[in-house]
Amino acid sequence: MSKHHVSTTINGEPTEFLCEPQLTLLDVLRDELHLTGSKEGCSSGDCGACSVTVDGRLVCSCLMLAVEAEGHAIETIEGMARGHDLHPLQRKFLEHAALQCGFCTPGLLVAAKALLDRNPDPTETETRYWLAGNLCRCTGYDKVIRAVLDAAAELRGA
Amino acid sequence: MPMLSYIAPSTVDEAVRLLAGASGAAKVLSGGTDLLVQLRSGRTKPDLIVDTKRIPGISGIREQDGAFVIGAATSGAVIGECEALKDAWPGVVEAANLIGSTQIQGRASLAGNLCNASPAADSVPPLIAARATCVIAGANGRREVPVESIVTGPGRTSLGPDEFVLEFHLPKRPPRSADAYLRFIPRTEMDIAVVGAAVSLTLDPGGVCTDARIVLGAVAPTAVLVPEGAAALIGRKLDETAVAGLDKAARGACKPIDDKRGTIEYRTKVAGVLARRAATIAYQRAGERR
């Protein structure tokens, strides 16, 4: 089987990889590039645990072939903190105890950041609808929503 | 896993050549939100995937003298951000934006929603109600056909193996025209339509319907046009008689299945209710444009 050579940018770093055509972006992120923050929950686009952004657009990396990443800019959870400085969303998730097992957390954080990047002052309803594609099976959603709205307020300087 | 090839051609001609020349099964990829799930489950086992997204103009929306051209691979997110389209065709936009989560919206395309040929596809009823056409590219050149001629049954389309959808055309709106789409699901988000109803109306200055198109989704093997429903509205304001006639016509057009989302009886009743409610919204919207 012939492998494709893919040139992309991941978290600001020019990145190249070889992949077979049937592999998803999630497969390559985790198994080839060892960026294991993006999780495989359902592999059918239902749970959002594999959320990344592609050219700023939130997508499920399990529903995108890795070859499609050619020429595009990918952002994953690994690009969120600046060294040891957590992003305000990450800090607020800890402060509000918005996670238990943590499996859905990277996807929720990436999705929440995509929301705040385009809407710095979302309502609770907008936040809930935006995050409807991120499933959590243990914490529930209320603490997550509080954490996102609190982070939004901090980022606005409110 | 059979040998799978992936090619992302940069021209329409090259894409058609690849599809026409494929020795085995070929699949067209745009957003991939249905195709990748089918690949994963083994429901489809193509030898070749032709990714259309490198073809210039296949993603994006152009306005031409009040008419709109929507590229086949345009995502729901891009459709939802187009204010001019939302203004002219609010029903088409609200339907496209109901498909899946924010993540799905980032990729799922209009052509994919059509060609996946689910009876419950949300964007299809309002496109048919809008008298939208699609331009199809194939080995014999291009042809433009009404959207309703594409889906022939669940998972089946009228497209030849060498053909793919290039773009959608939405006509210029007469004054006092508007559309609306409603779907019923058992929860508030992230589910598949039990019933969908699209209504497109044009009114005269006195508020009388001069044109109407009613289309139901998820109540038959394909989306169904309800001409009797349109006839009940045309020549009247949206009065009690018109609304009752529409409800009856919508129920009469249903040939639904029983499944976990709803029984035949339930789907039929809800189809009448949603048609009435969508007509009320479209009527209000059209009236605000006088």
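User: At roughly what angle do the axes of helices α2 and α3 of chain A cross, and within what distance do they come?

Analyst: They cross at roughly 130° and come within 10 Å, with α2(A) spanning residues 88-95 and α3(A) residues 105-118. That makes the pair oblique, the class left over once angles under 35 degrees (roughly parallel), over 145 (roughly antiparallel) and 65 to 115 (roughly perpendicular) are taken out. The axes are lines fitted to C-alpha atoms, for helices over the stretch in contact, and angles run from 0 to 180 degrees between N-to-C directions. Keep in mind that this is a predicted model, where local features need pLDDT of at least 70, side-chain atom pairs count only at pLDDT 80 or more, and totals for chains, interfaces and linings use all residues. Residues are numbered from 1 along each chain as its sequence is written, while chains are lettered from A and ligands numbered from 1 in the order written.

User: Which residues of α2(A) and α3(A) meet?

Analyst: Leu89(A), Gln90(A) and Phe93(A) from α2(A) meet Thr105(A), Leu109(A), Ala112(A) and Lys113(A) from α3(A); contact asks for C-beta atoms, placed from the backbone, within 7 Å. By class that's four nonpolar, two polar and one charged.

User: Why are α2(A) and α5(A) called oblique to each other?

Analyst: Their axes cross at roughly 135° and come within 8 Å, α5(A) being residues 142-156. The angle falls in none of the three named ranges, so α2(A) and α5(A) are oblique to each other. The crossing is right-handed. On the α2(A) side, Pro88(A), Leu89(A), Lys92(A) and Phe93(A) take part, and they meet α5(A) residues including Ala147(A), Val148(A) and Asp150(A). This contact has seven nonpolar, no polar and three charged residues.

User: What is the strand order of the open sheet of five strands in chain B?

Analyst: It runs β4-β5-β10-β6-β7, with antiparallel pairing. Strands β4 (61-64) and β7 (141-146) of chain B have a single partner each, so one side of each is left without a neighbour in the sheet: they stand at the edges. The twist averages 25° from one strand to the next.

User: How do you know that β6(B) and β7(B) pair: how many bridges join them?

Analyst: Six bridges join β6(B), residues 133-138, to β7(B), and pairing needs at least two DSSP bridges, so they qualify. One of the partnerships is Gly138(B) with Gly141(B).

User: And what makes β11 and β14 of chain B edge strands?

Analyst: First, the sheet: an open, antiparallel one of four strands, β11-β12-β13-β14 in chain B. Strands β11 (177-184) and β14 (224-225) each pair on one side only. Strand β14(B) also shows how short a strand may be, since a strand is a DSSP run of E with at least two residues (helices: H or I, at least four), numbered from the N terminus. Further in, eight bridges join β12 (residues 195-203) of chain B to β13 (residues 209-217) of chain B, and Leu203(B) stands opposite Cys209(B). Helix α11 (residues 264-287) of chain B packs on this sheet, touching β11, β12 and β13, with its direction at about 30° to that of β12(B).

User: How many residues does the contact take from chain A and from chain B?

Analyst: Chain A gives 24 residues and chain B 23. On the chain A side, β4 (57-60) and α4 (124-130) each supply at least two, and β4(A) gives the most, with four residues.

Technical notes
Two residues are in contact if their C-beta atoms, placed from the backbone, lie within 7 Å. Ala, Val, Leu, Ile, Met, Phe, Trp, Tyr, Cys and Pro count as nonpolar, Asp, Glu, Lys and Arg as charged, and the others, Gly among them, as polar. A crossing is left-handed if the near helix is turned anticlockwise from the far one by less than a right angle, and right-handed if clockwise.
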